[in-house]
Amino acid sequence: MTEAAIKAMIHLLDDSDQEVVSMVEQQIRTLGPSIIPVLESEWETESLNPILQTKIENLIHDFQWQSVKTRLQLWKESGGMDLLEGMWILATYRYPDYSLEQLRVEMDQLYYEVWPQMREELHPMDQVKVLNTVLFEQLKFGPNSKNFHAANNSFINNVLSSKKGNPISLCVIYMWIAQKLGLPIYGVNLPNLFVLTYKQNGLQFYINVFNKGLIFNKIDIDNYIAQLNLTPNDIYYNPCTNLEIIRRVIRNLLMAFEKSGENDYKEELSELIDLLE
């Protein structure tokens, strides 16, 4: 279908005959996300027609939402091996123009800040301390303590630009750099707090990225679990999967939107969680 024909259909969304409107909208939806640029262009030219603008906005959102679902489904079916891709897919839920290539470039830049300062002969704890120094002291990454529950803390593009995030988003950035450096560092799903663990050849310790990379041990987790009156479970001590990480990021987003009163997102985010179950 030509662009002129698509534009003509878009203008019929404002027709007085609801049957025509319904039929046209159905036809537009069959064209898929590829027509988003045309919809955006028409939205800009219809500033004096708020009703038509709203209908166009809804169509654009629905197309973008379907794209997010499709990407996430494909990511899951491929094994969820690329954690950055999973984080990028979630970022496109609110920032559809953000590209995976841009994310990779930004992350590579962080890696190249750390790499020259890392030494293979260092003890693993000292290697972690080098990573801590670069990320938290030189690059100034840190927790968003003032606005802990903000949705932006879960969108990796915002965390990279502001250098502020929640525990899991900061852990994702830290873990990706560490693994690219060859360090066996993985995510751990603690209740109310996401942390990292170094685990290899009988050596295991933990890293609290939300507290500038503080190193701690299993006894500290034992005490933490006891304070919460929970029964110890292997998942509180051992690495989790990328799938579990992305599920937890979505849950954080859901909580953030609920706290800000943005309940329109609840159904869609719940659907994403179900999709990954």
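Which residues lie nearest the centre of the largest pocket? I will come back to that after a few words on the model.

What you see above is a predicted model, in which local features need pLDDT of at least 70 and side-chain atom pairs count only at pLDDT 80 or more, while totals for chains, interfaces and linings use all residues. Residues are numbered from 1 along each chain as its sequence is written, and side-chain values use heavy atoms, with hydrogens and water left out.

Let me start with the chain as a whole. It holds 12 helices and 6 strands, where helices (H or I, at least four residues) and strands (E, at least two) are DSSP runs numbered from the N terminus. The C-alpha trace spans about 70 × 45 × 35 Å along its principal axes. Of the 277 residues, 47% are buried; buried means under 20% relative accessible area, exposed over 50%, and partly exposed in between, with a 1.4 Å probe and protein chains only. Among the contacts (heavy atoms within 4.5 Å) with a separation of 6 or more, 59% join residues 24 or more positions apart.

Now to the pocket. The residues nearest its centre are Phe 148, Asn 192, Arg 248, Asn 252 and Met 255, out of 15 that line it. Its space comes to about 280 Å³. A pocket here is an open set of points, on a 1 Å grid over the protein atoms alone, where a 1.4 Å probe fits, with protein on both sides within 12 Å along at least five of seven lines, and lining residues have an atom within 4 Å of a point. Grid points are joined across faces, edges and corners, and the volume is the space filled by probe spheres set on the points. Helix H9, strand S4 (193–200) and helix H11 (242–259) each supply at least two residues of the lining, and H11 gives the most, with 4 residues.

Next, helix H6, residues 100–114, which has 15 residues and reaches 22 Å from its first C-alpha to its last, close to the 21 Å expected at 1.5 Å a residue; that expected span is 1.5 Å times one less than the number of residues. Its buried residues are Leu 100, Leu 103, Glu 106, Met 107, Leu 110, Tyr 111 and Val 114. They lie on the same side of H6 because they cover an arc of only 145 degrees around the axis, taken from the directions from the helix axis to the C-beta atoms. These buried residues pack against helices H5 (83–94), H7 (124–138), H8 (156–162) and H9 (167–180), whereas the face turned away from them carries the exposed residues Glu 101, Gln 109 and Tyr 112.

In helix H5 we find Leu 83, which counts as buried because its relative accessible area is 9%. Leaving aside residues up to four places away in sequence, Leu 83 touches Val 172, Met 175, Asn 242, Ile 245 and Ile 246. Its C-alpha is 9.9 Å from that of Ile 173, although the two are 90 residues apart in sequence.

Finally, helix H4, residues 50–77: its 28 residues should span 40 Å, and its end C-alpha atoms are 40 Å apart, which agrees. Within H4 lies Lys 69, which is buried, with a relative accessible area of 18%, and which touches Glu 271, Leu 272 and Leu 275, again not counting residues up to four places away in sequence. Just after H4, Gly 79 takes a positive phi of about 105 degrees.
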